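Me: Could you take a close look at the aromatic rings in this structure and walk me through how they pair up? I would also like to hear about the helices around them.

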Amino acid sequence: MIKYLGSKRRLVPVLGELAQRARARRALDLFTGTTRVAQAFKLGGAEVTAVDFTRCASVLAQCYVATDCDSVDPGLLERAVADLNALPGRPGYVTETFCERSRFFQPVNGARIDAVRHAIATKHAGSALEPVLLTSLLEAADRVDSTTGVQMAYVKQWADRSFRPLELRVPLLLPGPGRAVRGDAAVVAAELGDFDLAYLDPPYNQHRYEANYHIWETLVAWDAPDHYGVACKRTEVRQGERSVFNSRRTMPGALGGVVRDVRARVLVLSYNDESWMDLDELIEICRVRGHVEVLAFTSNRYVGARIGIHNPAGERVGSVGRLRNLEYVLVAGERAEVRHVVEPWRDRVVVAKAS
Ligand SMILES: C[S@@+](CC[C@H](N)C(=O)[O-])C[C@H]1O[C@@H](n2cnc3c(N)ncnc32)[C@H](O)[C@@H]1O
């Protein structure tokens with residue numbers, strides 16, 4: 001699984017069990033990111049629709065959610081991954097842009113990423129294996145990058161993991177059907193069909209995922225884009241439209257819209273206490289769905305926050321911020337069902353001012 005800000009690694013067991021208790025046979029993960037929550041729903045037997053607007057998340061969803069492992073010949077997949085691993089380096093856009101102009105990967109790995117991506121484009125484009133092999137490449141590149149977890153900058157000294165050789169692995173595919181949708185949640189929410197449970201995990205602030213993970217966008221698009229700045233970000237990051245969920249002005253209305261529009265018996269929304277909306281406002285927008293219960297969990301913050309702020313010489317110039325935050329899980333729907341769904345976490349229920 002790639003490193004990803006806001007990924008719900010710790011909450012996955014809770015969210016999986018919530019879906020089980022809601023008897024979710026059809027589930028929606030509207031801001032799917034790494035797809036780890038969608039995968040938990042799928043493992044629990046649900047038919048899952050996973051939505052995100054980045055190219056990277058969409059490829060991960062095509063691999064882990066939309067691909068039924070029973071439809072893939074395991075021998076063929078293993079051979080395809082082995083063939084890609086055997087390719088010699090072939091320096092190209094990645095080497096020049098992300099190893100020479102910037103320092104996200106060691107050049108030897110950059111040349112291999114170039115070779116593998118070129119082979120996927122020439123031998124597998126349009127095939128059922130394409131998203132699976134792309135996922136394998138993204139995950140392999142993520143294991144040898146030289147960042148603190150986001151691609152707005154690379155670290156001053158090469159990260160230890162960047163010295164390891166790039167190695168693709170066969171992604172662990174799951175059984176059962178599913179759907180991957182690349183789109184703007186605010187636009188598609190009402191048109192996705194009916195679900196037993198919808199999970200919403202929108203961005204928390206102005207930091208955009210297409211900027212934080214611009215290298216993955218480029219590896220998927222494979223379009224050798226013009227770039228800008230020290231981090232060599234795609235120019236579309238500067239020029240393109242922002243997600244309505246990344247603006248303090250538009251986020252509350254957009255979130256209220258998707259909460260209202262998704263067609264699901266039970267709605268689950270996660271948010272943290274550093275976001276633009278406070279808990280009372282979140283509860284208020286969820287009330288359109290009926291009864292609302294709130295669970296609260298503590299979690300560690302992003303590693304950058306724990307390391308502190310450094311100047312270009314690597315000296316600490318700022319103080320370390322808060323190390324932990326509160327992750328809220330709001331569950332909304334018909335009263336008796338919501339109470340049944342949250343029952344195992346009674347000791348986590350938060351009573352907010354508005355309730
Ligand atoms: C907090 S992350 C979700 C993390 C995910 N639950 C996980 O565990 O990996 C928010 C996601 O929302 C996506 N996103 C941002 N704006 C969006 C929009 N307008 N429509 C759909 N997805 C959007 C981002 O690309 C990002 O993947």
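Reply: Happy to help; here is a tour of the ring pairs, followed by charges over rings and two views of helices. Please keep in mind that this is a predicted model, where local features need pLDDT of at least 70, side-chain atom pairs count only at pLDDT 80 or more, and totals for chains, interfaces and linings use all residues. Residues are numbered from 1 along each chain as its sequence is written, and side-chain values use heavy atoms, with hydrogens and water left out.

Let's begin with the rings. Rings of Phe, Tyr and Trp (its six-membered ring) pair if their centres lie within 6.5 Å; planes under 30 degrees apart are stacked, over 60 edge-to-face, and the rest tilted. The count comes to 10 aromatic pairs by this rule. One of them joins Tyr4 and Tyr209, a tilted pair with 5.0 Å centre to centre and 35° between the planes. Tyr4 belongs to the segment before helix H1 (12–21) and Tyr209 to helix H9 (residues 209–212), so this pair links parts of the chain 205 residues apart. (Helices, H or I of at least four residues, and strands, E of at least two, are DSSP runs numbered from the N terminus.) Tyr4 and Tyr209 are buried, meaning under 20% relative accessible area, with exposed over 50% and partly exposed in between (1.4 Å probe, protein chains only).Phe31 and Phe245 form an edge-to-face pair, 5.0 Å centre to centre with 85° between the planes. Phe31 lies in the loop between strand E1 (26–29) and helix H2 (36–43), and Phe245 in the loop between helix H11 (235–239) and H12, so the pair ties together parts 214 residues apart in sequence. Both of these Phe residues are buried. Elsewhere, ring pairs gather Tyr93, Phe98, Phe104 and Tyr154 into a cluster.

Rings also meet charges here. A charge sits over a ring if NZ of Lys or CZ of Arg is within 6 Å of the ring centre and within 35 degrees of the ring normal. Arg26 places its charged end over the ring of Phe195, 5.2 Å from the centre, and Arg238 does so over Tyr228 at 4.1 Å.

Now for the helices. In H3 (residues 55–66), 10 of the 12 residues are buried, so the helix is largely enclosed by the rest of the structure. Among the buried ones are Arg55, Cys56, Tyr64 and Val65.
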